[in-house]
Structures are given as C-alpha cells and as structure tokens.
Amino acid sequence: MENRLDETQTIERWGIRFTGIVQGVGFRPLVSVLAHQLALSGFVYNDGHGVYVEAQGTVEALDLFLDAVKVESPRLARITSVNITKMDIHMDDCIDRSQPSPEEAFVIKPSPKGMKVKTFISADTAPCEDCYKELHDANEQRRHEYSFINCTHCGPRYTIIKAMPYDRERTTMNDFPMCPDCEREYEDIEGRRYHAEPNACHVCGPQYQLLDAHGTVVETDEVKAFAQVRRMIADGYIVAIKGIGGYHLACDAFNETAVQRLRERKQRPMKPLAMMAGSLEILDDIVTISDAELDVLISPARPIVLLQSKPEVPSVPAPSVAPGCQSYGIMLPYTPMHMVLLPKDALWVMTSGNHSGEPVLYKDVEALEQLSTVADYFLTHNRQIWSPVDDSVVAVCDKHILQYRRSRGFVPEPIHCSGLLNNTMLAMGSDLKNAFAMNQDQEVLMGPHIGDLEHSSTHETLEKTITHYEKLFDATPTEIVVDAHSQYFSSRLGYAYGERHNIPVLEVQHHHAHIASVMAEHNLQGPLLGICFDGTGYGDDGTLWGGEFLICQQGGYKRVAHLQTAPLPGGEKAVREPWRQALWYVRQHYGTDIPAVYKKWLHTLPEGWELLDQALNSDMVFSLSSGAGRLFDALGCLLGLGNIHAYDAHIAMALEQVALGQRGNVREFNYDGTTLDLTPTIFSLMDEYAAGADVSALAASFHRTLAIAICEVSSDICSRYNIDQVAISGGVFQNRQLLQELHRTWHRSKLYMNEKVPCNDGGLALGQLWIAHQLKK
C-alpha cells in the first residue's frame, strides 16, 4: 500500500516507512547510495517496524528516489508497504545531534533502542554472483577461497541473529571485530559491503579447523584442513562438517562401503540420503534436470531437490544411498565453505548430523559428544550458530514447486495472508514433521522444520525455537491453536503454554487444517471442496480419518464424502506394520483359498502373525480408518514392496517409485455419493499380481485409478453444491505420480494446492492459524 503526495513545493521533507523483509538485505545501504546520487539530505535506520527514512530534497528527486528503491531493491528484500508522511522541513526533533544534520548529509543512523519489533528478517542464502566470482579469483588477496565470504546481497541471516533490529552487535558475528580493511568496506558507500553486518575476511573473521573424533585438533590451517578432508572422503572416511545451520555427516556417495558404514553408525538403515554435487556437470550422467528443477537447484535458497535418476548410466551413486528409489535428493553447494571444499567432480552424501529421528546438532560440544561414534573426523568453525536449521526439501511436478520440508533458505521469511486479523496467535502444528506458526498482523512466520516429536530432544528444540521467535519478533500470542488430537505432544504443549500465560486454546480438526493451509496461501474464503488425503488423523466421529472430501467455508467445514474405511489391526502398530492391514485384505478377498504368491508371502510375516490372523476371523472389533496413506501402504505390502516401514511412508514411497514414468490402466471402483470404495481396485490388482503381472504396471494402474476416482467424486460434489474451487492437501499429495495423473484428468474446477508450505504436516500450523482467525471474525 502506497501513499503518494502532491507536488506542491520545490523542496519537501518526507518521512518514509518501508515494511517487509527490509533488514539484513542491504536495504539501508541502497537507500543511502540512492539518496546521495539524488543529492537528498536526511537519514535512514533500522527499527522495530522495518526501515525508516527521512529525506529532504526536490519533489522530483524524492519521487525518483522512491521509484529507484523499488526498481533496484536488493535481491533478498521484499517490500510489503511504503507509507509517506509530509514533514515540516524545519522539524528536526528526531535527529541525533551527534550525527551530521540532514541538511548537510545523508547518513545511516544506529537503530533506536527499546522499540517494539514489528519487522522481518531474510533467510540465509547462497553466495551471490559477485561473491562467487571473488571467492574463486586467485588474484583476490583478502577473500580468495574464504569460507565466510558474504555481502549485503547474500550470506547468513537467520542462523546468526540473536535479536532485532538487525545490526552486527545483535548477531554472533559480534565475536569477530572487523579489521581496518573490513571496516573501510563497511563504511564505503560505493561498495557492496556497505553496512553488511556479517562482513569479515581471512584476517578478522571465523575460521575452520579439523578435529579427530576425540576432539583433538588435527589441523588449524584452513587450506590444509580442507585438503585433508577431501583425501579422507576419497579414502572412505566419514566427516562431520559444521555448516551454516548445523552439522552434516559426509562421505563419498560412490563408495558403497562408506555409505553402508554411515547407515550403520547413524542407525538409518533404509531412508534415502541426501547428496551434494560439486557441480552441475557431475549430475549429467546421474539424473535428469528440467528447466524448472534447475531454477530451484541454483536459487538463493539452494534446497535439496528430488530428481529423477537416469537408467543405465556409467556413473551412479552407491546402491545404499537411496535403496529402491528411482530419484535422488540432490543439492548444490550453498555456502562458500562447500564451494571451496567440494571438488567439481565430487558427489558426497550430505545428511543431517544427528542420530536418526533427532534434531540436527549445531553446538560443537554436543556434536562431538553425540557424533563421535559416527564421524571419524570433524571439520568445524568458531562462529556460533544461534538458530539451527535443517536443509529444505522440494520437488517439481508439472512446473509446480512442492515443498516437502520448509527450513533453510526459506525460514523465517513471512507468508502473507490477507485473511488474518491483527492479533498474534501461535499454532502448534502436529507431532509429525512439526513446524509451528505465529503471525504478526497478516504476515505468518512459519517455524523451521523441527521433526517428529517422538524424542525428548525435539520437544526441547520446539520449545526453544518458539521462545526465540517470540523474542526475535517481539510477538506475544493472545491465543494458542492446537490439533484436536489431545494425545499429541504438540497439543499438550499448547495447552500448557495457554495455562502458563492464561490465554485460551482452540482445537482444530486435523484434516480441516490441511485444507485451510491452502485457503490461507491463496486467500480463499470458500465455499470450496477440500480433498485431504493423508495417513491417519483424529476424526470427529471417533474413527481415524485420512481420505476426506470436505466442504470448507471461512472457518467451518462439513464432511460430505470419504474413502471406504478399513480396520487397522493392532491400532498404531498397523501404521508401522502395514502387513497387518494387508493380511485383512487377503482374508477378505480370498478367505482360506489363498493363491501361491500370497501363501509364500505369509512366510515373510513376523513371528506371531497367526494370532492376528485368528483375530481377523473372530468377532474382535478393530479401529477403522479411511486413511488414503494406509491404502498405499497396504497395497505396497500386497505387491511385495515391504511389510514393515523402515521410515515414515517408506512403503507408500516405494509404490510411487515403481510406478514413476508409467501410465497403467483404470481399474474398477465404487462411489455411492458419500463413500469412494477402492476395495474392488485393490482386489483386482491382487489377482493380477497373483497371476504374475508386472508390479510397476500394477502400481501405475492404482495411481491412475485413484486420480480418475478423485476427479469423478469432485465433479459430483461440485455439481451438487454449486462449487467451482477445489483445494487438495495432505501428505499423500506429495506423490508426484498421483499429482501428474490428477493434472492430466482434471477438467472441471479451479484446482489449488500448497505452494509455500508443505502439504504434509509441516504446513498444518498455517491452516490452524488461518482457521482460528476466521472464527474470530
């Protein structure tokens, strides 16, 4: 929103307020440079609301100044509002008399103390093009191959800042006083490091050193330390590397022995491992990269991107990197250290430095204590990481960016939601893939990826990160929003927070929150049809939901259709062990006359399966679930892709992987206006599998059938309720094979999906927050 003034005077003085992501992105230096170029006098400073400017000059120059700020805005900046106040040219009440007067110069002033914070900060980003060139310029004496090179356009932000406003004294770079050369750059109005708060060089900045697994210093010279690490990786060693947001565990991705050793030590037997490539060229023989995928790979965020592997190529990663997968999670170097350390022809496993399921480690002492049995050596630096962040994970499907994990490179940049009120609320998210959310007016601050809240360490990380956000953004929640599942730790923590601060707690239904996250992103008030497909969530009727068709409007919803329910023999055990539900399908379809392939399958089941088999033939009552995720799990099990999850959604992901690139054929399903029954589909695929059909074709047929079924149900509901908008969300829609089939067959209504947050539980808090605000209107 902008307020322009009439040109009524030759000389005017304007007070200009910029809000948005305008701190830590080179905004003040740009303002200062432009003001000098246009001969304006005045000052600029960061404060609790953003950036404040007072500028005096001709109306023409002031107009040119505003236009130039918007056109030349730094690459990391995002201006959300510009407000202008006409001031008396003699009024000088807020000028610091220790600084030159605005009539004499234009200056960058220190931030006022004690102001309430109401502004935002950029995410950490990869080096800009200028820093990249300087990093590799052998003639550059001061920063050639310097691992902490940065400028006002790039580098660390969120991970180093302790408090707002964003000034060096409130970051972990305050531990490194600038040398005279860096000071001159910092004050040089013509340079790109003019007021770059993390500015440093070889002389005065942070440095790397190499330690062994006992914490003994092996090498303090950074160049020699990097050379040793390259040799160690090539020789099959595992090295813990401290980066910008935490530690990684690295080894040679082409060395099967090294990868297996890493899996054994980290206790991560099957889940795919992320890799970092030294260059794009090394990827040419390994994966296919579309233009859209390339744009994401080389973007300032530099996330992990899921890329399709090439079949039958001479150079492939070790089989244990991503067992059973046709795609790899790959990122490019995103810090100067990575750009110096990795050889151009290198492909290293670069997985989070932690034990499986726990938060990424970022404190040096804790990393040495907990990773000494995993890593052979530690490459560490002496700059403190204030806020840890894990790597973000994305994929591209039909040119849509799918966020799987929103963290480094994106956090804490706000998401604008015009449907929110001004009061601050805190939404706790879920227990899986936890990420919380809080708002400052209509800007939503999503927390970083915390992980699954099954470990006490993740509980502590969640509480600490919420506290940090409250202090960093001076946010005081007036209400807490939690999942309606009262047994979630996130819900219990929310209630404890509400009781401690004497503020109300609102419960929100899980699947409604998923759809609301899409509504929040796209500012949809409804009515619309929401299709939420995930694993299992607490339903209003006492059953477990997860295959839902909901009519959503503002803060309310109505369940109008769902997938057929099926028992979960063993309750939560059936989620971890899908063979239990698969056995139910076998008995439902075949009874005791089981085909040979499934008789053989019975012998692969865990000891004691006969007891469950007897229970299935009894009158025992089991929990019922309409979860689409459970359907994927059961079918994957029935097609021989596994009996027990090695990690979350393992078997469902395997079903997607074997189907990639194929179309399959549509199978029979039933829909009666309220229930979409895919049991006939499952039975048909079981019969074909028993007859020896190709598993890939069967998996593709299931995906295609489900997409057609979703379209048919959606068309019926939209016609009956006169709706022309449909939103899809829930973890199942991370499945690119399903999404591609859905996009091919979708023909009726406008289809919306998550783009800025994950459709899995990592985006749930945004929907919770949005619903709470709608209910307050």
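1. A nonpolar core here is a set of buried Ala, Val, Leu, Ile, Met, Phe, Trp, Tyr and Cys residues joined through side-chain atoms within 4.5 Å. Keep in mind that we are looking at a predicted model. With that said, the largest such core has 114 residues, and the ones with the most contacts inside it are W348, F533, F549, Y585, W601 and F733. Helix α20, residues 695-721, gives the most to this core, with 12 residues.

2. Have a look at Y585 while you are there. Setting aside residues up to four places away in sequence, Y585 touches Q564 and A566, then L631, A634 and L638, and also T679, I682, F683 and M686.

3. There is a second core, separate from the one above, with 56 residues. Its members include V51, F106, Y158 and L426.

4. On to the N-terminal sheet. Five strands form an open sheet in the order β4-β1-β3-β2-β5, and the pairing is mixed. The edges are β4 (78-87) and β5 (106-108), each of which pairs on one side only. From one strand to the next, the twist averages 15°. Strand β1 (residues 11-21) runs antiparallel to β4, with 9 bridges between them; to find the register, start from I21, whose bridge partner in β4 is R78.

5. What packs on that sheet? Helix α1 (residues 27-37) does, and it touches β1, β2 (41-47), β3 (50-58), β4 and β5. The direction of α1 makes about 170° with that of β5.

6. Helix α2 takes up residues 59-71, 13 in number. From first C-alpha to last it reaches 18 Å, close to the 18 Å expected at 1.5 Å a residue. Its buried residues are V59, A61, L62, D63, F65, L66, A68 and V69; note that D63 is on that list. The cover over the buried residues of α2 includes β1, α1, β3 and β4.

7. Strand β12 (residues 327-331) deserves a closer look, as 5 of its 5 residues are buried. Which residues lie on each face? S327, G329 and M331 are on one side, with Y328 and I330 on the other, and both faces are covered. As for partners, β12 pairs with β10 (residues 275-277) in the parallel sense over 2 bridges, and with β11 (residues 304-308) in the antiparallel sense through 4 bridges. I330 is a handy marker for both pairings: M275 stands opposite I330, and I330 is also the bridge partner of V305.

8. Next, L306, which sits in strand β11. Is L306 buried or exposed? Its relative accessible area is 16%, and the cut-off for buried is under 20%, so L306 counts as buried. Beyond its neighbours within four places in sequence, L306 contacts Y328 and G329, the run V393, V394 and A395, and also E293, Y404 and R736. For a sense of scale, the C-alpha atoms of L306 and Q588 are separated by 37 Å, with their positions 282 residues apart along the chain.

9. Last, the C-terminal part of the list. Strands β30 (residues 725-729) and β31 (residues 750-753) run parallel and are joined by 4 bridges. One of the pairs to check is I728 with M753, its bridge partner in β31. Together with helix α21 (residues 736-745), β30 and β31 make a β-α-β unit, and the unit is right-handed.

Terms used: Residues numbered from 1 in each chain as written. Predicted model: local features only at pLDDT ≥ 70, side-chain atom pairs only at ≥ 80, totals over all residues. Heavy atoms only, no water. Buried < 20%, exposed > 50% of the residue type's maximum accessible area, 1.4 Å probe, protein only. Pairing = 2+ DSSP bridges. Axes fitted to C-alpha atoms, helices over the stretch in contact; angles between N-to-C directions. Contact = heavy atoms within 4.5 Å. Expected span 1.5 Å × (residues − 1). Right-handed = clockwise from strand over helix to strand, strands pointing away.
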